[in-house]
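Work through the following exercises with the sequence and the model open side by side. Each task is followed by a solution in steps.

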Amino acid sequence: MKYTGIAESANMLAEILRTDMVPGVVSARDKIALCSPSDRGDCSVGIWLYDIRECDELRSHSMVTLDAVRQKYPSSYVDLFFMITAYAGGEPPHRAKEEQCILGKILQVLKDHATVGEAALPCSIVLQNLSMEEKMRIFNVPQRGYQTSLFYEMGPIEIESEKERQITRVTELQFGVRERKGAR
């Protein structure tokens with residue numbers, strides 16, 4: 001993936017949920033959307049990318065050889081952090097039950113799809129154990145109380161470098177032997 005890895009990964013996460021939740025738990029595919037909690041529209045499941053961090057374990061400074069005369073700078077790898085929130089309509093007692101059912105299904109689906117992507121670099125989707133204070137800080141929506149949400153980390157996601165450099169390979173070596181004066 002070039003620079004689109006973040007967007008493609010977020011869409012892949014949404015697509016996994018759409019495939020396993022529609023029409024059973026959520027009425028329509030467009031009800032599962034990438035959106036912030038303050039701009040969710042009429043979605044039933046909001047997926048919000050709230051943080052991106054460099055993946056230290058995969059940081060590389062080694063050039064990638066493309067051919068005999070070109071090398072490419074190494075890719076960057078990032079981990080994505082998502083908040084997933086369920087939104088239901090109706091009266092409060094029924095709404096709470098429906099939202100809890102949606103959250104339960106999300107937990108089930110993402111546990112069943114804990115590893116996705118290419119075999120060469122599989123991407124994991126892991127539930128995060130955040131404190132209530134951290135969750136409330138992330139959910140920070142003015143004039144609205146905290147709504148129970150799930151927090152996931154997804155990664156590593158590759159962002160390829162486009163920068164290349166020309167190289168010159170050693171194509172010929174010459175060795176010579178000289179006798180030193182006074183040597184036996």
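**Exercise 1. Strand pairing**

Task: Find which residue in E8 stands opposite Ser124, and place this pair within the strands around E7.

Solution. In this predicted model, Ser124 has Gly155 of E8 opposite it. Next, take the strands to which this pair belongs: E7 and E8 (residues 149-159) run antiparallel and are joined by four bridges. Then turn to E6. Strand E6 covers residues 115-116 and strand E7 residues 123-127, and the two pair in the antiparallel sense over two bridges. Here Thr115 stands opposite Ser124 in E7. Ser124 therefore has Thr115 opposite it on the E6 side and Gly155 opposite it on the E8 side, a reading that uses the rule that strands pair if at least two bridges are found between them.

**Exercise 2. A serine in a loop**

Task: Decide whether Ser75 is buried or exposed, and find which side chain it joins in a polar contact.

Solution. Start with the position: Ser75 sits in the loop between strand E4 (70-72) and strand E5 (76-86). Its relative accessibility is 15%. Buried means under 20%, so Ser75 counts as buried. Now look for its partner. The side chains of Ser75 and Glu158 are joined by a polar contact of 2.6 Å. Finally, list the contacts of Ser75 beyond its neighbours within four places in sequence: these are Glu158, Ile159, Glu160 and Ser161.

**Exercise 3. Salt bridges**

Task: State how many salt bridges the model has, then examine the pairs Glu160 with Lys2, Glu15 with Arg29, and Lys31 with Asp42.

Solution. The count comes to seven salt bridges, with a cut-off of 4 Å between the side-chain nitrogen and the carboxyl oxygen.

Step 1. In the salt bridge between Glu160 and Lys2, the closest N and O atoms are 3.9 Å apart. Glu160 belongs to the loop between E8 and E9, and Lys2 to the segment before helix H1 (5-21), so this pair ties together parts 158 residues apart in sequence. Both ends are partly exposed: Glu160 has 24% relative accessibility and Lys2 has 40%.

Step 2. Glu15 and Arg29 meet through their side chains in a salt bridge of 2.5 Å, N to O. Because Glu15 is in helix H1 and Arg29 in the loop between H1 and strand E1 (32-34), the pair ties together parts that are 14 residues apart in sequence. Glu15 is partly exposed at 32% relative accessibility, and Arg29 is partly exposed at 39%.

Step 3. For Lys31 and Asp42 the N to O distance in the salt bridge is 3.0 Å. Lys31 lies in the loop between H1 and E1, and Asp42 in the loop between E1 and strand E2 (45-54), so the parts tied together are 11 residues apart in sequence. Asp42 is exposed, at 56% relative accessible area.

Step 4. Look for shared partners. Lys2, Lys72 and Glu160 are joined into one network by salt bridges that share partners.

**Exercise 4. A nonpolar patch**

Task: Identify which residues form a nonpolar patch on the surface, and explain why Leu173 counts as exposed.

Solution. The patch is formed by Val170, Leu173 and Phe175, which together have about 430 Å² of accessible area. Leu173 is placed in the segment after strand E9 (164-166). Its relative accessibility is 62%. Exposed means over 50%, so Leu173 counts as exposed.

Terms used:
Residues numbered from 1 in each chain as written. Predicted model: local features only at pLDDT ≥ 70, side-chain atom pairs only at ≥ 80, totals over all residues. Heavy atoms only, no water. Patch = residues over 30% accessible without salt bridge, like charges linked within 9 Å, V, L, I, M, F, W, Y side chains within 5 Å. Areas by Shrake-Rupley, 256 points an atom, 1.4 Å probe, with all protein chains shown as cover. Buried < 20%, exposed > 50% of the residue type's maximum accessible area, 1.4 Å probe, protein only. Polar contact = N/O pair within 3.5 Å; in protein donor to acceptor, adjacent residues only side chain to side chain. Contact = heavy atoms within 4.5 Å.
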